[in-house]
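I am opening a notebook page for this structure and will write down what I look up, in the order in which I look it up.

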Amino acid sequence: SVATTLLALVFAVPLAFGIAFWLVEMAPAVVAGPIGMAVQLLAAVPSIIFGMWGFFVIVPAMAHYVQPWARRHLGHLPGVGTLFQGPPYGTGLLTAGLVLAVMVTPFVCAVMRDVFVAMPAQIRESAYGLGATRWEVMRSVTLPWSRPALIGGIMLGMGRALGETMAVTFVIGNTNRIGWSLFSPGNTIASLIALEFPESPAGSLKLASLLALGFILMVISFLTLACSRLLLRRGGG
């Protein structure tokens, strides 16, 4: 669960920031409006649609192109080569992370765009008046001003990725094992509970184990929330 969530954030946060920066600072108003609306509409797409899209599009592409290439060129590197070993099934942690990144990007991008738009124009214009470029204004003025809201948007995306069930179930491989390779199949806590809960009789050890996994997932969510609060407190200080 943690691995797929971190992979999703690694892909989603830079992409969401780039889209939000382009929409607010560079895109014409005629283009920025429809694209911004489209990004918000993507956030309303059901997760099972992303799962089916990942199964029929991403999994074959990973199996035929990405995983064989990565195994051939990166699998022999010392230290990091273990991350790219394994048979190219197409499913696995990296595929699940990519699908989650596509799901999370609209949430994070929508929050970043709204925060950038909500910034007072006088602050941005003052920086431009001092000779700052667009990137300097974004890096030195907009980002520090909007840091608490940006952290909140990223944590919103993290919560969505951490608790996602159906989309991950389609593409992660559904194997109860933990491997070091990004291509190895596995399970997240949410997908495992969804798959095994209907077959768990009342009062059985299996049902108790699934309930314990649910508690662990709640603890992980609580820890991520506590970390975000700590970051916001440091940023405010």
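**Notebook: overall fold**

I began with the stretch of residues 1-226, where the chain is 74% helix and 0% strand, and where I found the end C-alpha atoms to be 18 Å apart. The model is a predicted one, and I keep that in mind for every entry below. The UniProt record, an unreviewed entry, gives residues 1-226 the annotation "domain: ABC transmembrane type-1".

I then looked up the secondary structure of the protein chain and noted nine helices and zero strands, which read along the sequence as α-α-α-α-α-α-α-α-α. For the extent of the C-alpha trace I noted about 65 × 45 × 35 Å along its principal axes. Among the contacts in the chain with a separation of 6 or more, 73% are between residues 24 or more positions apart.

For the surface, I wrote down an exposed area of about 12800 Å², of which carbon and sulfur atoms supply 72%. Of the 237 residues of the chain, 39% count as buried.

**Entry: the nonpolar patch**

Which residues make the nonpolar surface patch of about 780 Å²? I listed Ile48, Ile49, Met52, Trp53, Phe55, Phe56, Val57, Val102 and Met166. Helix α3, residues 47-74, gives the largest share of this patch, with seven residues. I checked one of the members in more detail: Ile48 lies in helix α3, and it counts as partly exposed because its relative accessibility is 35%, a value that lies between the limits of 20% and 50% used for that class.

**Entry: salt bridges**

I counted three salt bridges and went through each of them in turn.

In one of them, Glu25 pairs with Arg124, and the closest N and O atoms are 3.1 Å apart. Glu25 belongs to helix α1 (residues 2-26) and Arg124 to helix α5 (residues 121-129), so this pair ties together parts that are 99 residues apart in sequence. Are the two partners buried or exposed? I found Glu25 to be buried, and Arg124 is buried as well.

Another joins Arg160 to Glu164, with 3.5 Å between the closest N and O atoms. Here the partners fall into separate classes of accessibility: Arg160 is partly exposed because its relative accessible area is 21%, while Glu164 is buried, since its relative accessible area is 6%.

There is also the salt bridge in which the side chains of Lys206 and Glu196 meet, at 2.7 Å from N to O. Lys206 lies in helix α9 (residues 205-236) and Glu196 in helix α8, so the pair ties together parts that are ten residues apart in sequence. With a relative accessible area of 34%, Lys206 is partly exposed.

**Entry: Thr95**

I turned next to Thr95, which lies in helix α4 (residues 93-118) and which counts as buried because its relative accessibility is 0%. What does the side chain of Thr95 reach? I noted the backbone oxygen of Gly90, at 2.5 Å. Leaving out residues up to four places away in sequence, I found that Thr95 touches Ile58, Val59, Met62, Gln67, Gly90 and Val171.

**Entry: Thr142**

A further threonine, Thr142, is found in helix α6 (residues 134-162), and with a relative accessible area of 1% it is buried. Apart from neighbours within four places in sequence, I listed Phe116, Met119, Arg124 and Val137 as its contacts; Arg124 is the residue already entered above as the salt-bridge partner of Glu25. I also looked up the separation of Thr142 from Ala8: these residues are 134 apart along the chain, and their C-alpha atoms are separated by 25 Å.

**Entry: Asn174**

My last entry concerns a backbone angle. Most residues other than glycine have a negative phi. Asn174, although not a glycine, has a positive phi of about 55°. Where does Asn174 lie? I placed Asn174 in the loop between α7 (166-171) and α8 (189-196), and I noted that Asn174 counts as partly exposed because its relative accessibility is 32%.

Notes: Residues are numbered from 1 along each chain as its sequence is written. This is a predicted model: local features need pLDDT of at least 70, side-chain atom pairs count only at pLDDT 80 or more; totals for chains, interfaces and linings use all residues. Side-chain values use heavy atoms; hydrogens and water are left out. Patches are made of residues with over 30% relative accessible area and no salt bridge: like charges are joined within 9 Å, nonpolar side chains (Val, Leu, Ile, Met, Phe, Trp, Tyr) within 5 Å. Accessible areas come from the Shrake-Rupley method with a 1.4 Å probe; for residues, only the protein chains shown count as cover. A salt bridge is a side-chain nitrogen of Lys or Arg within 4 Å of a carboxyl oxygen of Asp or Glu. Helices (H or I, at least four residues) and strands (E, at least two) are DSSP runs, numbered from the N terminus. Buried means under 20% relative accessible area, exposed over 50%, partly exposed in between (1.4 Å probe, protein chains only). UniProt positions are given in the numbering used here, feature names are shortened, and annotations may be inferred rather than shown by experiment. A polar contact is a pair of N or O atoms within 3.5 Å; within protein, one must be able to donate a hydrogen and the other to accept it, and residues adjacent in sequence count only if both atoms are side-chain atoms. Contact means heavy atoms within 4.5 Å.
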